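Hi,

Here is the structure I said I would pass on. Have a look at it first, and my notes follow below.

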Amino acid sequence: MAAQFVRYTPHVEDDDPDFDRHVQTVIEKTENYITESVDAGGTGQALRDAHAKGYGLVRGEVEILDGLPPEYAQGIYATPGNHEALIRFSNGSPHAGADARLGAATGLALKMFGIPGPTLLEDEPDTGTFDYANINGPIFFCNTVEHYLFIQELFLNAPAYFSQGRPGAHRFFTEFVTGKGTLDQENWAWDEFLAFLRLSKTPPANLLLSSYWTMGAVRHGDYIAKVRITPDPDCAAAVVRRTIDPSSAQEVFRPALEAELRERPYVFDIQVQLCTDLERMPVEDTTVEWPEHLSPSVTVAKLRLPRQDISGPENLAGMDSLSFTPWRVTAEHAPLGNIMRARKEVYRHSSIARHKLNQQPRTEPRSADEVLGPVHRSQ
């Protein structure tokens, strides 16, 4: 059985000679946007440069399952047991404001506590925490850091384009495909543009009814994987507020999440899809969805959300104080590919800038209680 899965070696990643230079430019643009967002963002606070609007910070528990096949019982999943967790649900946009203006791209960021071993963040190796920063789509619309330079700029300025109606939208699409005029025609960003169009057509959904992917590939011990956090079917069937209409009110995602969690517990499955074919399941091309028929996603853990009250400003404040990064993991789960590699320093600098501007201490918590206070028995 193990022979069908591609084993991890460093050679599955491409080497980009201009990587460091391009990443430094992305960092500078990101820091500038965060600084300007204090005045321009509408909240009086520095915003994240992606997933700026949070919908709720939720307590949870991750149960790593016993009896997994050895190919899946890798890294942290080799040791069955329970870990306290926090989950930040968010919108994918770099902007805040009414839900109708932000689109239907949403995120689930998971922080597990009590994970032994050093993380891959050199400035905070011994936090005991382990993060996923997942989005509600199996693909991404950017493959190289060089392309990310112009795509990031377009997204940060998207409201200015689309406020001009069809001409502005046409200019946005043209500049996306042509790299703002920097790409030769044979290298136009069609794959990335088509991935963007596919993701932009995602219909609005209750946050508890979406699946969330790692976007890029990650190590899974000896193997290569993508990780999906997907609703438990029985729990999904019990969700009452199934239709989300962003045009019906300024806030629609958070009230629905609040109401569901107040009424009943919920469960997600954490699933691993192992790579069996680097051609059809590539590491460096994030616009390609890995086919389930080549390698189905296998549940390795349960993410359980108890009934709880997430309403109130203290929930939003606790959520805003946290940082999540796909690099706060152990070496056995390292992100793979140039886009995932770029996220390491970009996320770190983004978090440092935001916390500094908001005068928040930037420290990793050791428990959910440290962020949200002790749980009341009524919950």
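To start with the cysteines: how many disulfides does a search of the whole structure find? The count is 0. Keep in mind that this is a predicted model, so everything here is computed from it. Two of the cysteines are worth a click while you are there. C142 counts as buried because its relative accessibility is 0%. C275 has a relative accessible area of 0%, so this residue is buried too.

Next, the strands. I would begin with β1, which covers residues 54-64. Of its 11 residues, 9 are buried, so the strand is largely enclosed by the rest of the structure. In case you want to think about which way the side chains point: in a regular strand they alternate between the two faces of the sheet.

Which strands does β1 pair with? One of them is β2 (residues 81-91): the two run antiparallel and are joined by 10 bridges. If you want a spot to zoom in on, try L57, which sits opposite R88 in β2.

Another partner of β1 is β9, residues 298-305. Here too the strands are antiparallel, with 4 bridges between them. You can pick out this pairing at V62, which faces L303 in β9. E63 also has a bridge partner in β9, namely K302.

From β9 you can carry on to β8, which spans residues 266-274. These two strands pair over 7 bridges, again in the antiparallel sense. One pair to look for is Y266 with its bridge partner L305 in β9. So if you follow the pairings along, you can step from β2 to β1, from β1 to β9 and then from β9 to β8.

Finally, the pockets. Rolling a probe the size of a water molecule over the atoms shows where empty space is left. I only have notes on the second largest pocket, whose volume is about 350 Å³. It is lined by 17 residues, and the closest to its centre are T43, L47, A52, K53 and G54. What is the lining like by class? It has 6 nonpolar, 5 polar and 6 charged residues. Helix α8 (residues 313-321) gives the most to this lining, with 3 residues.

That's what I have for now. Happy browsing!

Key: Residues numbered from 1 in each chain as written. Predicted model: local features only at pLDDT ≥ 70, side-chain atom pairs only at ≥ 80, totals over all residues. Heavy atoms only, no water. 1 Å grid on protein atoms, 1.4 Å probe; cavity = no way out; pocket = protein on both sides within 12 Å on 5 of 7 lines; lining within 4 Å. Points joined across faces, edges and corners; volume = space filled by probe spheres on them. Nonpolar A, V, L, I, M, F, W, Y, C, P; charged D, E, K, R; others polar. Disulfide = S-S within 2.5 Å. Buried < 20%, exposed > 50% of the residue type's maximum accessible area, 1.4 Å probe, protein only. Pairing = 2+ DSSP bridges.
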